[in-house]
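The following exercises are to be worked with the sequence and the three-dimensional structure at hand. Each task is followed by a solution in steps.

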Amino acid sequence: MEKNPLIVLQHLFGFQQFLDQQQAIIEQVCGGGDALVLMPTGGGKSLCYQIPALVRAGVGVVISPLIALMQDQVAGLQQLGIRAACLNSSMSVDQQQKVEAAVRQAQLDLLYVAPERLLNKRCIRLLQASQLALFAIDEAHCVSQWGHDFRPEYLRLECLQQIFPQIPRLALTATADQPTRIEIIKRLQLQKAKHFISGFDR
């Protein structure tokens, strides 16, 4: 896989240049750093973890709360020739086992999982036995107990810092005011993360 983010952007995704803070975020994560990303819907958040996952060695693990959304992203990536898959409750046991085998054999670039799935012991053991590029925590505002999208499973994602301390983590959201950003940082143990605030606070 090509290791230059701009060439990956151009050749795989068909865009000629990065938008706004995309390049700085990608460089931060490619260098092994954590990031908190607030970017409006449609601003190109997904590229901020998809490109580092392709550039860095190992599989990028994307934590998403919505099965339909992860399925759409995986289908789009596969159409581009990117090795992507998801693990969720809508899949048969056989389908899940095939994806797990692909992770163990380093045959995936991106793996999408729901927080509930990520936090079970089977999945943690799978990831501990695999080379990981990054963790991307999408819809990170779900960690906030003040928000209407609160998901209690997100509170347990702080374990990623404890179990995988060397793996860079991105928390991404389009909806986070200052108190919510503070809560994301605290709940997800992202005190060392660099902040990238783009566009607007909804």
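**Exercise 1.** Determine whether Cys48 is buried or exposed, and establish how many disulfides the structure holds.

*Solution.* The model is a predicted one.
Step 1. The relative accessible area of Cys48 is 0%. A residue counts as buried when this value is under 20%, so Cys48 is buried.
Step 2. The number of disulfides in the structure is zero. Cys48 accordingly takes part in no disulfide, and the nearest cysteine sulfur, belonging to Cys30, is 11 Å away.
Step 3. A disulfide requires two cysteine sulfur atoms within 2.5 Å.

**Exercise 2.** Explain why the sulfur of Cys86 forms no bond with the closest cysteine sulfur, and classify Cys86 as buried or exposed.

*Solution.*
Step 1. The closest cysteine sulfur to that of Cys86 is in Cys123.
Step 2. The two sulfur atoms are 12 Å apart, which is too far for a bond.
Step 3. The relative accessibility of Cys86 is 11%; because the limit for a buried residue is under 20%, Cys86 counts as buried.

**Exercise 3.** Describe the surroundings of Ala35, beginning with the strand in which it lies.

*Solution.*
Step 1. Ala35 belongs to strand 1, which covers residues 35–38.
Step 2. Ala35 has a relative accessible area of 0% and is therefore buried.
Step 3. Neighbours within four places in sequence are set aside; the contacts of Ala35 are then Gln28, Val29, Arg169, Leu170, Ala171, Ala193, Lys194 and Phe196.
Step 4. His195 is 160 residues from Ala35 in sequence, yet their C-alpha atoms are 5.9 Å apart in space.

**Exercise 4.** Decide why the radius of gyration of the protein chain agrees with that of a compact globule, and describe the chain as a whole.

*Solution.*
Step 1. For 202 residues, a compact globule would have a radius of gyration near 17 Å; the protein chain has 16 Å, so the two agree.
Step 2. The C-alpha trace spans about 45 × 40 × 30 Å along its principal axes.
Step 3. The protein chain contains ten helices and seven strands.
Step 4. Of the 202 residues, 51% are buried.
Step 5. Contacts between residues at least 6 apart in sequence are considered next: 74% of them join residues at least 24 apart.
Step 6. The exposed area of the protein chain is about 9600 Å², of which carbon and sulfur atoms supply 50%.
Step 7. The side chains include 19 positive and 17 negative ones, and the centres of these two sets are 7 Å apart.

Key:
Residues numbered from 1 in each chain as written. Predicted model: local features only at pLDDT ≥ 70, side-chain atom pairs only at ≥ 80, totals over all residues. Heavy atoms only, no water. Helix = DSSP H or I, 4+ residues; strand = E, 2+ residues; numbered from the N terminus. Rg over C-alpha atoms; globule rule 2.2 N^0.38 Å. Buried < 20%, exposed > 50% of the residue type's maximum accessible area, 1.4 Å probe, protein only. Contact = heavy atoms within 4.5 Å. Areas by Shrake-Rupley, 256 points an atom, 1.4 Å probe, with all protein chains shown as cover. Lys, Arg positive; Asp, Glu negative; His and termini not counted. Charge placed at Lys NZ, Arg CZ, Asp CG, Glu CD.
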